[in-house]
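This briefing is intended for readers who wish to examine the ligand and metal sites of the structure shown below. The points are grouped by topic.

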Amino acid sequence: MFDNAEYGRALDEFLINMESVTDERSDAIALALGPICNVLGIGRVGVCFYENTIQERESEVKETLLYETEVYNDACIYTQREDTMDTCIAVYSVNGTCENHGWDEVILSKIKVLLKILYSFHGRIRTMRIASEMLYKDHELEVYNLNYFVKVANYLIDKKEIGKYCACRFNLKGFSSVNDRVGRRNGTLAMKKFVKGLQLNIEDDDIICRVGGDNFIMLFNKTRLDDVKLYLAGQDVYLIEEDENVYISASTGFYMIDEDCDNATDIMDSISMAAKVAKNSAETAYTAFFDSQLLEQSKKNRYIEEIFVDAMANEEFKVFYQPKVDLKDYLMVGAEALCRWFHDGKIVSPGDFIPVLERSQAICQLDFYMLDHVCKDIRRWIDTGKQAVKVSVNLSRKHLGNSRILEDILDIIDRNNVPHEYIEIELTETTMDLHFDILKQLVTGLRNNGISTSVDDFGTGYSSLNLLREAPWSVLKIDRSYLPDGKNYDEKRMAMLKHLIALSADMGFECIVEGVETVEQLKLIKRNNCFLAQGFYFDKPLAVEEFETRLMYIET
Ligand code: C2E
Ligand code: MG
Ligand code: MG
């Protein structure tokens, strides 16, 4: 006689135990099924999962065993198919215990309910798995992503095991030319094979994660360091379809994680810094390790980022003005606004904080702050009858991501009621096509509003004649590296300086040479027909009070 009360208790127990199941093949399912199967005379439960009806029809799928007693009745079998569109198809098969030769209607209906409940758990587990795969996997390469890296790193930190691991960040060298040569699809295939090969050099639990494009990060056992280094130094990857080998190598920043490391952000920062160094380290085979020097630097960077907002609010940043001089009459014709940070009783120079602020959008705030302060100074000079001069303000390339940059600049200038001819915007060159278009638009927009623009540090970055031709620049600022240093005579540099000045004149730009320090340099640029200069020979960047003494009063 079937015991309903016993069934009720077993069912409750089953439901409670299933709540803690997180894996569809888990032993916990077998344990949860035990009591209820006992009541219902079930000796074995298995299930086949199919992704869709085509797979169900056409391919054999390995059965997943959920519960099995030592002996069960092969002849007493019940199967049930469950299908909801949003999860998967599951076909359950249930055998009776060895002494059970068939179920009556009442018990069978309870088995049907049991399998429905099982299916709902499987559906939930599966949905959770798909969601976590979406959260943690890079689907193009079938590797993990950054989220997973952070999750695993945090787990190892919690378990106090992080000290056994090395982390690294690598970038595939020249991969865009691989894509150009074999096509994007094959490029991705080659990348996938390269990463698969790398996986063979680390432990099963170690992880490789893609952070985007051809950038990856890894977390692996320190004992595997030599293998990883050797592999990343370069490998031939064979592409079957193309019947050709693609050579792939990486530049890599490593961090042998300290055992007292207590957050994943530090690990990310460390490998990112080391990776940056590695990129320019041909002599160490494009590898670099995070060390105490980089650690010091990263602490400083973090500190700057943390206090930046307060420093702005406290007006710790000051505008310094470096005069620009007309070499025909040696009169000051303008100035460049350069930022100085007064912090903790010291003056911090831009080289120490601008690159840090450029890691985020903070630099944009600082640039606008500088422009605003420059405008206020100019307005004051005009209002107090001083002979105001045009001031050039540096704008980071980071602004090129802002589609309203032109409006923002005009807004600051107009808010301060400064005539446009007093402002010049200095921009540097860019390699990115997207930025190229925005840069062109910005320079044109400024020109249409009567604001001049200059190409800063011309000849250092990736000089593009296209950029000069396509945007209506006003001024070329030739970088000081083109000036002879007085020690070594560099004929090529001198020839380039001469041609850059001539090019600038031919294209109708004003030309100024930066960083003039000696009378010899001054004579040289004059000989080459450049009559504007800026540099220590005349003045260092000056505090506003000192600079103002140079501005003459207009006779009224
Ligand atoms: P830059 O725009 O090319 O500025 C010229 C740099 O050369 C200034 O360095 C200036 O002090 C220095 N300099 C001028 N004359 C001489 C000289 O005769 N000899 C030598 N050795 N150096 C000379 P500074 O002020 O340290 O600024 C460095 C860079 O930081 C600037 O290069 C600019 O790119 C950036 N910067 C400065 N202020 C700002 C700012 O407000 N916003 C942005 N985005 N960048 C800024
Ligand atoms: Mg500049
Ligand atoms: Mg410059």
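A residue is counted as near a molecule if one of its heavy atoms lies within 4 Å of that molecule. The model discussed here is predicted. Around ligand 1 there are 23 residues, of which E336, D367, D456, E517 and F536 come nearest. Two magnesium ions, ligand 2 and ligand 3, are 3.9 Å apart, and D456 coordinates both.

**Shell around ligand 1**

- Residues of the shell around ligand 1 comprise 9 nonpolar, 5 polar and 9 charged ones.
- At least two shell residues are supplied by each of β15 (331-343), α11 (350-357), α12 (362-383) and β19 (452-458).
- Strand β15 contributes 4 residues, the largest share of the shell around ligand 1.

**Polar contacts of ligand 1**

- The side chain of Q322 places an N or O atom 3.0 Å from a nitrogen atom of ligand 1.
- For R340, an N or O atom of the side chain is 2.9 Å from an oxygen atom of ligand 1.
- A polar side-chain atom of E514 is found 3.2 Å from an oxygen atom of ligand 1.
- On its own, ligand 1 has 800 Å² of accessible area, and the protein covers 82% of this.

**Magnesium ion, ligand 2**

- The protein donors of the magnesium ion (ligand 2) are E336 through OE, N394 through OD1, E426 through OE and D456 through OD, and they lie 2.1 to 2.2 Å from the ion.
- Along the sequence, the donor residues of ligand 2 follow the spacing E-x57-N-x31-E-x29-D.
- The pair E336 and D456 links distant parts of the chain, with E336 in strand β15 and D456 in strand β19, 120 residues apart.
- E336 has a relative accessibility of 3% and therefore counts as buried, since the limit for buried residues is under 20% relative accessible area.
- D456 likewise counts as buried, because its relative accessibility is 7%.

**Magnesium ion, ligand 3**

- Coordination of the magnesium ion (ligand 3) is provided by D456 (OD), D457 (OD), E514 (OE) and E514 (OE), at 2.0 to 2.4 Å.
- The sequence spacing of the donor residues of ligand 3 is D-D-x56-E.
- D456 lies in strand β19 and E514 in strand β21 (residues 510-514), so this pair ties together parts of the chain that are 58 residues apart in sequence.
- Both D456 and E514 are buried.
- E514 thus appears in two settings: a polar side-chain atom of E514 lies 3.2 Å from an oxygen atom of ligand 1, and E514 also coordinates the magnesium ion (ligand 3).

**Nonpolar cores**

- The largest nonpolar core holds 79 residues, and F317, Y321, L366, I409, I423 and W473 touch the most other members.
- Helix α12 gives the most to this core, with 12 residues, and α12 also supplies at least two residues of the shell around ligand 1.
- Another core, of 36 residues, lies apart from the largest one and includes Y7, Y67, Y78 and F121.

**Residue L108**

- L108 is located in helix α4 (residues 105-136).
- With a relative accessible area of 17%, L108 is buried.
- L108 and Y78 are 30 residues apart in sequence, and their C-alpha atoms are 8.7 Å apart in space.
- Y78 is among the residues of the core of 36 residues.

How values were computed: Residues are numbered from 1 along each chain as its sequence is written. Chains are lettered from A and ligands numbered from 1 in the order in which they are written. This is a predicted model: local features need pLDDT of at least 70, side-chain atom pairs count only at pLDDT 80 or more; totals for chains, interfaces and linings use all residues. Side-chain values use heavy atoms; hydrogens and water are left out. A polar contact is a pair of N or O atoms within 3.5 Å; within protein, one must be able to donate a hydrogen and the other to accept it, and residues adjacent in sequence count only if both atoms are side-chain atoms. Accessible areas come from the Shrake-Rupley method with a 1.4 Å probe; for residues, only the protein chains shown count as cover. Ala, Val, Leu, Ile, Met, Phe, Trp, Tyr, Cys and Pro count as nonpolar, Asp, Glu, Lys and Arg as charged, and the others, Gly among them, as polar. A nonpolar core is a set of buried Ala, Val, Leu, Ile, Met, Phe, Trp, Tyr and Cys residues joined through side-chain atoms within 4.5 Å. Buried means under 20% relative accessible area, exposed over 50%, partly exposed in between (1.4 Å probe, protein chains only). Donors are N, O and S atoms within 2.8 Å of the metal (3.2 Å for Na, K and Ca); water is not among the atoms, so sites may look incomplete.
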